[in-house]
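This report examines selected features of one protein model. The topics are an internal cavity, charged side chains, and a few individual residues.

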Amino acid sequence: VYLEDFHYYTAADWTVSDTGANTQALATVAPTAGGVLLITVANADDNLSSMQKVGHSFVPTAGTNIWYAARFQASEATEIDLLHGLVVTDTTPLAHVNGIVFRKDDGDTTIDFGQTNTSVTSTDSSTTVFAAATYVTVGFKVTGTTSVEYFINGTSQGTLSGNVPTAPLRVTMHVQDGDTAAAIGAMTMSVDYIFCAQSR
C-alpha cells in the first residue's frame, strides 16, 4: 500500500526530471494549504516537471488486483500536458512504453485514459472534460493482467482489456507547459493525494 497525502514532502522520495526552473513544494496559501503538493512550471513552452516515486512498487500480476487513485487540479485547462498513473522508469513519461495512466494533452481539455504494454496502447480518449482550478479525482482497478476499469470522480467510465503492462511500474505524475506564445505565465499543478495498493 502506498498513500501520500502531502502533509510533508521529502524530495529524496522522488526522482524528479525538470526542464526549466521549476519548483515542487508544499502549498502554503489557502485554499490549497495543508496537505497539497504544489508543482510550479516556469513560463516557457515545453518546460516540464516529471516526478516518479522511488522504487518499482507495483507489477500487474495474474491473480492480484491493483487500485490507484489521485486527486489534483491545474491552473490551466488547455495549453498544458498532465499525466497521473503508473509508469515504468522513464524521464519522459508522456512517451512511455509501459504504463497505466490518465493524461490530458496540450491543446484540448479532455482527460484520456490508456494502458500501454511494450509500446502497444489501448485508450479511451473521451473520459471527461478538464477544467482549470477545479479538483478532479481519477482512479483505476487493474485485474490481473487482463483488464483495467477506470473512474473519474468515483464514477466508472469503462473497462479496457488487453495491453496491460507486466513490467514493474512506478507512481508517476507529470506537468508540462504547452503555451507556445508564453502568454499565460507560470503554470501549476496541485496534488491533494495519491493512493495505490496491490493485493497479494
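## Lining of the largest cavity

The lining of the largest cavity is made up of 6 nonpolar, 1 polar and 2 charged residues. In this classification Ala, Val, Leu, Ile, Met, Phe, Trp, Tyr, Cys and Pro are nonpolar, Asp, Glu, Lys and Arg are charged, and the others, Gly among them, are polar. The lining residues are Phe72, Leu82, Leu83, His84, Phe102, Arg103, Lys104, Ile111 and Phe130. Strand S7 (80-87) and strand S8 (99-104) each contribute at least two residues to this lining. Strands (E, at least two residues) are DSSP runs, numbered from the N terminus.

The structure contains 1 cavity of 30 Å³ or more, and the largest cavity encloses about 40 Å³ of space. A cavity here is a set of points, on a 1 Å grid over the protein atoms alone, where a 1.4 Å probe fits but cannot get out; lining residues have an atom within 4 Å of a point. Grid points are joined across faces, edges and corners, and the volume is the space filled by probe spheres set on the points.

## Basis of the values

The model is predicted: local features need pLDDT of at least 70, side-chain atom pairs count only at pLDDT 80 or more, and totals for chains, interfaces and linings use all residues. Residues are numbered from 1 along each chain as its sequence is written, and side-chain values use heavy atoms, with hydrogens and water left out.

## Salt bridges

Side chains of opposite charge can pair when their charged atoms come close. There are 3 salt bridges in the structure, each defined as a side-chain nitrogen of Lys or Arg within 4 Å of a carboxyl oxygen of Asp or Glu. One of them joins aspartate 192 to arginine 71, with an N to O distance of 2.8 Å. Aspartate 192 belongs to strand S15 (residues 187-198) and arginine 71 to strand S6, so this pair ties together parts that are 121 residues apart in sequence. Aspartate 192 is buried, at 15% relative accessibility, whereas arginine 71 is partly exposed at 27%. Buried means under 20% relative accessible area, exposed over 50%, and partly exposed in between (1.4 Å probe, protein chains only).

Two salt bridges involve residues of the cavity lining, Arg103 and Lys104. Arginine 103 pairs with aspartate 105 at 2.7 Å, N to O, and arginine 103 is partly exposed, with a relative accessible area of 24%. Lysine 104 pairs with aspartate 108 at 4.0 Å, N to O. In this pair lysine 104 is buried at 2% relative accessibility, while aspartate 108 is partly exposed at 27%.

## A buried lysine without a salt bridge

What is the nearest side chain of opposite charge to lysine 53? It is aspartate 13, 5.0 Å away, and lysine 53 is buried yet has no salt bridge. For this purpose Lys and Arg count as positive and Asp and Glu as negative; His and the chain ends are not counted. Lysine 53 lies in strand S5 (residues 48-53). Beyond its neighbours within four places in sequence, lysine 53 is in contact (heavy atoms within 4.5 Å) with Tyr2, Asp13, Trp14, Arg170 and Val171.

## Aspartate 177 and tryptophan 67

Aspartate 177 is part of strand S14 (residues 170-177) and is buried, at 1% relative accessibility. Leaving out residues up to four places away in sequence, aspartate 177 touches Val41, Ala42, Asn43, Ala44, Asp45, Asp46, Asn47, Glu79, Gly185 and Met187.

Tryptophan 67 is located in strand S6 (residues 65-74) and is partly exposed, with a relative accessible area of 36%. With residues up to four places away in sequence excluded, tryptophan 67 touches Phe140, Lys141, Phe195, Cys196, Ala197 and Ser199.

## Positive phi in loops

Phenylalanine 6, although not a glycine, has a positive phi of about 55 degrees. Phenylalanine 6 sits in the loop between strand S1 (2-4) and strand S2 (14-19) and is buried, at 1% relative accessibility.

Alanine 133 likewise has a positive phi, near 55 degrees, in a residue other than glycine. Alanine 133 occupies the loop between strand S10 (120-129) and strand S11 (136-143) and is exposed, with a relative accessible area of 56%.

Notes
1 Å grid on protein atoms, 1.4 Å probe; cavity = no way out; pocket = protein on both sides within 12 Å on 5 of 7 lines; lining within 4 Å. Helix = DSSP H or I, 4+ residues; strand = E, 2+ residues; numbered from the N terminus.
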